[in-house]
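Reader: Please show me the chain and its ligand, and then take my questions in turn.

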Amino acid sequence: MKILVPVKRVVDYNVKVRIKPDGSGVDIANVKMSMNPFDEIAVEEAIRLREKGIATEVVAVSCGIAACQETLRNALALGADRAILVETDAELQPLAVAKLLKALVDKEAPRLVILGKQAIDDDANQTGQMLAGLLGWAQATSASKVEIAAADAAEMTVKREIDGGLETMQVKLPAIITTDLRLNEPRYATLPNIMKAKKKPLDTVKPDALGVDVTPRLATLKVAEPAKRRGGGKVADVQELVAKLRNEAKVI
Ligand code: AMP
């Protein structure tokens with residue numbers, strides 16, 4: 001089966017982001033960008049399924065500016081077979097990305113789409129669910145284990161970590177999976193694979209060619225820093241703690 005893996009270019013998780021002075025968003029000028037960490041896990045899972053003989057082809061997709069090519073080359077270096085860039089300078093919200101991915105699914109006919117459970121920039125946690133809705137496919141979100149018995153399997157088993165423990169679901173294919181942190185530990189791209197990735201096919205398509213209107217439906221009114229935490233302090237004993245809670249914090 002073919003697997004489609006959407007990968008988003010986001011601010012690297014090590015970067016401490018700054019809010020633009022006018023409060024219109026986060027300043028991403030001259031900031032290190034990387035593949036969304038949950039998407040690295042998605043790529044890894046797809047490659048492992050190919051290595052097991054379950055998947056025949058892994059296609060990485062990114063929607064956004066031309067620089068998303070770097071993210072796709074990274075996916076190719078990790079082992080994806082080919083890549084598609086849906087290129088646009090427009091702001092893309094999850095519904096628009098889901099519609100673009102739906103158009104690509106219609107064209108590419110994968111039986112599995114593995115997305116991250118959320119992008120660490122906007123923390124939307126929406127795209128996979130919306131894509132499942134648009135396609136009318138089953139979805140297994142926040143997956144921590146995926147088992148597919150054979151390449152032509154009609155169903156798969158997915159484990160999800162939920163508050164009360166582990167939930168095991170049987171899911172009809174074709175389906176959507178979104179990845180949780182514990183699903184796997186992604187490999188590093190080796191130098192030879194980074195070199196090989198340069199020669200792998202990377203196609204570019206525009207949203208118009210897919211017949212998708214990406215106009216944003218939501219407007220961000222304001223982005224602000226979280227309130228600064230007040231400094232903590234140490235107390236000598238329980239009596240002092242209780243006195244502080246009563247007289248200073250006035251919470252008891
Ligand atoms: P979100 O719903 O924005 O939190 O994103 C969830 C997942 O959808 C990400 O982990 C990616 O797999 C996918 N995704 C979101 N935005 C994009 C994008 N612009 N290009 C490719 N994949 C995306």
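The questions below move from the whole chain to the ligand and then to single residues.

Author: This is a predicted model, in which local features need pLDDT of at least 70 and side-chain atom pairs count only at pLDDT 80 or more, while totals for chains, interfaces and linings use all residues. Residues are numbered from 1 along each chain as its sequence is written, and side-chain values use heavy atoms, with hydrogens and water left out.

Reader: What percentage of the residues of the chain count as buried?
Author: A residue is buried at under 20% relative accessible area, exposed at over 50%, and partly exposed in between (1.4 Å probe, protein chains only). Of the 252 residues of the chain, the share that counts as buried is 43%.

Reader: How many helices and strands does the chain have?
Author: Helices (H or I, at least four residues) and strands (E, at least two) are DSSP runs, numbered from the N terminus. The C-alpha atoms fill a box of roughly 65 × 45 × 40 Å along the principal axes. Within the chain there are 6 helices and 13 strands.

Reader: Where does the ligand sit?
Author: A pocket is an open set of points on a 1 Å grid over the protein atoms alone, with protein on both sides within 12 Å along at least five of seven lines, and its lining residues have an atom within 4 Å of a point. A molecule sits in a pocket if more than half of its atoms lie within 2 Å of its grid points. The ligand meets this criterion in the largest pocket.

Reader: Which element gives the largest share of the shell around the ligand?
Author: The shell has 17 residues, a residue being near if one of its heavy atoms lies within 4 Å of the molecule. These residues divide into 8 nonpolar, 7 polar and 2 charged; Ala, Val, Leu, Ile, Met, Phe, Trp, Tyr, Cys and Pro count as nonpolar, Asp, Glu, Lys and Arg as charged, and the others, Gly among them, as polar. The largest share, 3 residues, comes from β6.

Reader: What percentage of the area that the ligand exposes when taken alone does the protein bury?
Author: A polar contact is a pair of N or O atoms within 3.5 Å; one such pair joins a ligand oxygen to the side chain of Asp39 at 2.5 Å, and another joins a ligand nitrogen to a polar backbone atom of Cys63 at 2.8 Å. A ligand oxygen also lies 3.4 Å from a polar backbone atom of Ala124. Taken alone the ligand exposes 480 Å² (Shrake-Rupley method, 1.4 Å probe), and the protein buries 97%.

Reader: Is Ser142, with its positive phi, buried or exposed?
Author: Ser142 is found in strand β9 (residues 138–147). Its phi is about 50 degrees although Ser142 is not a glycine. With a relative accessible area of 15%, Ser142 is buried.

Reader: What is the phi of Asn125?
Author: Asn125 lies in the loop between β8 (112–116) and α4 (127–135), and is among the residues that come nearest to the ligand. Asn125 is partly exposed, at 32% relative accessible area. Although Asn125 is not a glycine, its phi is positive, at about 55 degrees.

Reader: Which residue does a cis peptide bond join to Leu173?
Author: The bond has an omega of about 5 degrees. The residue concerned is placed in the loop between β11 (165–172) and β12 (175–179). Leu173 is joined in this way to Pro174.

Note on methods
Polar contact = N/O pair within 3.5 Å; in protein donor to acceptor, adjacent residues only side chain to side chain. 1 Å grid on protein atoms, 1.4 Å probe; cavity = no way out; pocket = protein on both sides within 12 Å on 5 of 7 lines; lining within 4 Å.
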